[in-house]
Amino acid sequence: MSTLTNSILSSSPFPIAHHRIVTDNNGQPVDCEFLEINPAFEELIGLPADKLTGKRANEILPDAALFNPDRLKLFGKVALEGAHASFEYQAKSGKGWFKVQVWPDSQGCFATLHTDISDKKILEKKHEERKKELNVVYNMAHISEREDATVEGICQTIVDHFPGAFQDPEVTCCRITVGDREYLSANYSDACVTIDRHISISGKKTGSITVGYLGKLNDDDDGIFLQEEKQLLDVVADWTGQFIHRKQSESQLVEANTIINRSATVVFTWQNAPGWPVSYVSDNVTNILGYTPGEFLSGSINYLDCIHPDDAKRIVNEVEFHSNHGKNEYVHEPYRVITKDGEIKWFYDWTFIVKDDNGAVTYYKGFIHDITQHKLAEDALKNSQYLLSMASSMVRFGGWSVDLIENKVIWSDMVARIHEQPPGYNPTVGEGIGYYAPEWRDRISKAFQDCARRGITYDEELEIITAKGNRRWVRTTGQAVRNGQGNIVKVQGAFQDITDRKVSEQKLRESEERFRNIFEIASLGIAQVDPQTGVVLLANRYYEEITGYSIQELLTMNFPELTHPDDRAADWEIFQRAARGEISYRNEKRYIRKDGSIVWVRLHVAFIRDESGRPMRTVAICENIAERKKAEELAHRASQQLTFHIQNSPLAIVEWDEQFRVKTWSKRAEELFGWNAEEVSGKAPEEWTLVDENDLSDITDIMSDLIEGRKPRNLSRNRNYTKDGRTLHCEWYNSAMFDSHGKLISIFSLVHDITDRIQQERAIRRSLEEKTTLLQELYHRTKNNMQVISSMLMIHALRIDDENFSSLTQDINNRIKSMSLVHQKLYETNNLSSIPFDEYLRDLFTELSASFLIQPGQVTLKLDADSLKLIIDTAIPCGLVLNELISNSFKHAYPDDRQGTVTIRARKCEDRNIHIQYHDDGVGMPPGYDQIKDEGMGWELIRMIVEYQLGGTVTRQNNNGMACDILFTDNKYTERIKG
């Protein structure tokens, strides 16, 4: 188990054990091994952990009921199959009853949690005792209800059933004597311990009831007869006397009924039929449920109708369960009943099931007892305690008091918590005031003093500084408490943390401010409108601009007045349907501005509704679409013009049907190919010699894409023949037209003769190939010549023993290499006009690393060039600039073999600007560095190249190293073409 699990195991007040199941050769559980137990389990079993851990249960506890074969089978099911289980058992040690919850752990292992339910068992036992007592009462009542009930029958019933109501029914016997008659239980004999009660009528003894215990009782019995048994004996003796007297006098029967009807217990008999019709009910039902016995007996109200709907299903299920499982009696958990006047009452119900000779349930008899007051008091106590605790925690609310006589301060735990002090902390008055922020102390001090001296109540919202230095907003109230002489002896009040509310109020103010800003500066018109009348309630500045009216004028108008007369009816209909929630309001219409001009707008309207869904306000977003409408009008005109141009197009136009046969053959097609419309109408291209046979399969695939809808349009180039046998090179612009069901209508082809262009392209291509070869050779020779110059410089540097000269020579050589590398990249690439800048920078960084003898891994390059390509006019100056920056970093940024990273980011922006960011994480420029006074030739060279050759700007700064930012416009290619 984990450390956390071990901690929980050891600290748990409940017995917990961790076991491994032991199986036989057939895989059946036969025992279990203790793996871990906690102290509570040791106390339960009565053995220490070292006597149990690693041992089998049947070895250590062979007689323990907890590990009998049935339990081991259950444990095996949990450990081997992953099931969960629970059961109850009585500890052998006699320490009470326990409920065991069993759950799987790892494969073959399980854990058990033992919960002490002794109190529950005691209550259940008492409950069973009560049931036994009620059973005697019920059987007595049941027999007494019969018209043929006799004294003999009642007395025999009592001696037969009475022993069952005592704590040891198997050794209990009973005898009743009435006059000269004697009634005995089946097991009656003279007992060593007895208890007697007289049966009396009007104070005169007429008989007796004797209950005896047979055999020897346990020495540790606290009492021979329980108080409840004595009370029951009293009741039965009294009831028996009353029954005898009732038989003797009807007046006594009336008196007995009066006593019953004054109680909170109602006797019922329910038929086993839908709704449980009532066939008998005691007269006191009216006092308890409000219905008269006649209303029940007439069938106008059934008992099930009275049960609360939320409890009815449970009660029905319990009745069905007990009825179908051989039960003769049962007790419901408390449930709710609705009285005639709608009041809800809680009842305790004890029911007997009555069956016929065939075992079928015929009716139910029972008692319902009103426990409403007890239940309400119990629930109210629980709820009040829970709500008080929850409310205090949720709203962070506490109380405080100051005893002015003893000068003693008391804070509730919540007040201490708000001040970030432990529970039980109580300061002095001065310390309490000292928690308030300095700017509030005088105010709270005066308020407290006025309350303590003059009785002035206060309610303040102030800030405190907690014990941990945190500022919090609090609401504090104070009220004086006076003694019997009217003197102020105490000040007490409430204290609440309102920081969240204050923060929310601030956020609300900020949100409202942001809304006002958005409302006023939005580039869309915004207006609030009354949904019933259309009157404008609020509008922003842009809405004023759209309509031409001021806000004061708009507040006197409604939006139908703004709408063009031709659009009003349709627009109001859309608005009303949207207000009813049938559609969303989105509409385009015309406004009439204040100056009489017309403006097209698009409106989106949202409705703010109350809880019933009725529109209270509308928010309209208004967009000026006048320019778009103009564009649509221009597009329409352009479409008409396009149609005209197509009809008069110099291009050949061919229309094909869905079988790729000619439908239309324009005049220009006749002129281009030589065939007239009659010769080709209804024919496919392969039926006459139109397409070169080597291009025919490609044309078929292209047209299939159009016919089958894979592509709406395409372009093809192919060779075509004329009627007189000439070969033409043509471009075919093909597009398909479909109906609303997706069925092909026609394919239109515009045909352009490009024969002359093809011939020109071939001549240009041959010339271009020759120039490309010459240009590559030029780049190659230029690069070689630069390498010769570089080599000559290095030879001179070796002959001159001057460190400054060598350094200068190296710098010049690196600059030459940076330019040479551009020509090398141009030579290597297929595109002779530009180079990939990221490849160039990597190679440049590698060359310079070798030149400055930088060790591998000492300074690394982090490059993000965004697949940037630069022409030679831009690449060479950029390369020179980056050469100077990298060289400067190698020389100065990483002294004493310090490691670091050079980061270069280069990208082309949307405005055609090139943005290069350079940064090294070296030592940076020294303190007191003067950019103008101290800059060397390298930086001067960078600045001149960027400003004069690239026409851009360059800045640098210390930023955890040296950073440089370069920005210039990529217009070299344009300038070259124009030049």
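**Exercise 1.** Classify E182 as buried, partly exposed or exposed in this predicted model, then do the same for its salt-bridge partner.

*Solution.*
Step 1. The relative accessibility of E182 is 45%. Partly exposed covers the range between the buried limit of 20% and the exposed limit of 50%, so E182 counts as partly exposed.
Step 2. The salt-bridge partner of E182 is R175, with 4.0 Å between the closest N and O atoms.
Step 3. R175 has a relative accessibility of 23% and therefore counts as partly exposed.

**Exercise 2.** Find the salt-bridge partner of E463 and state which class each residue falls into.

*Solution.*
Step 1. E463 pairs with R471 through their side chains, at an N to O distance of 3.2 Å.
Step 2. E463 counts as buried because its relative accessibility is 14%, and buried requires a value under 20%.
Step 3. R471 has a relative accessible area of 42%, so R471 is partly exposed.

**Exercise 3.** Describe the salt bridge between E731 and R717: its N to O distance, the strands involved and the accessibility of each residue.

*Solution.*
Step 1. The N to O distance between the two side chains is 2.7 Å.
Step 2. E731 lies in strand 28, residues 727-738, and R717 lies in strand 27, residues 713-721. The two residues are 14 residues apart, and the pair links distant parts of the chain.
Step 3. With 4% relative accessibility, E731 counts as buried.
Step 4. R717 has 51% relative accessibility. The exposed class begins over 50%, so R717 counts as exposed.

**Exercise 4.** State how many salt bridges a search of the whole structure finds, and list the members of the network that includes E588.

*Solution.*
Step 1. The search of the whole structure gives 49 salt bridges.
Step 2. Salt bridges link E588 into a network with R602, E623, R628, K629 and E632.

**Exercise 5.** Place F110 in its strand, classify its accessibility and describe its surroundings.

*Solution.*
Step 1. F110 belongs to strand 5, which spans residues 109-116.
Step 2. The relative accessibility of F110 is 0%, so F110 counts as buried.
Step 3. Leaving out residues up to four places away in sequence, F110 touches A17, H18, H19, I21, C32, F75, V78, A79, V102, W103, P104 and D105.
Step 4. For V78, one of these contacts, the separation from F110 is 32 residues in sequence and 6.8 Å in space, taken from C-alpha to C-alpha.

Key
Residues numbered from 1 in each chain as written. Predicted model: local features only at pLDDT ≥ 70, side-chain atom pairs only at ≥ 80, totals over all residues. Heavy atoms only, no water. Buried < 20%, exposed > 50% of the residue type's maximum accessible area, 1.4 Å probe, protein only. Helix = DSSP H or I, 4+ residues; strand = E, 2+ residues; numbered from the N terminus. Contact = heavy atoms within 4.5 Å.
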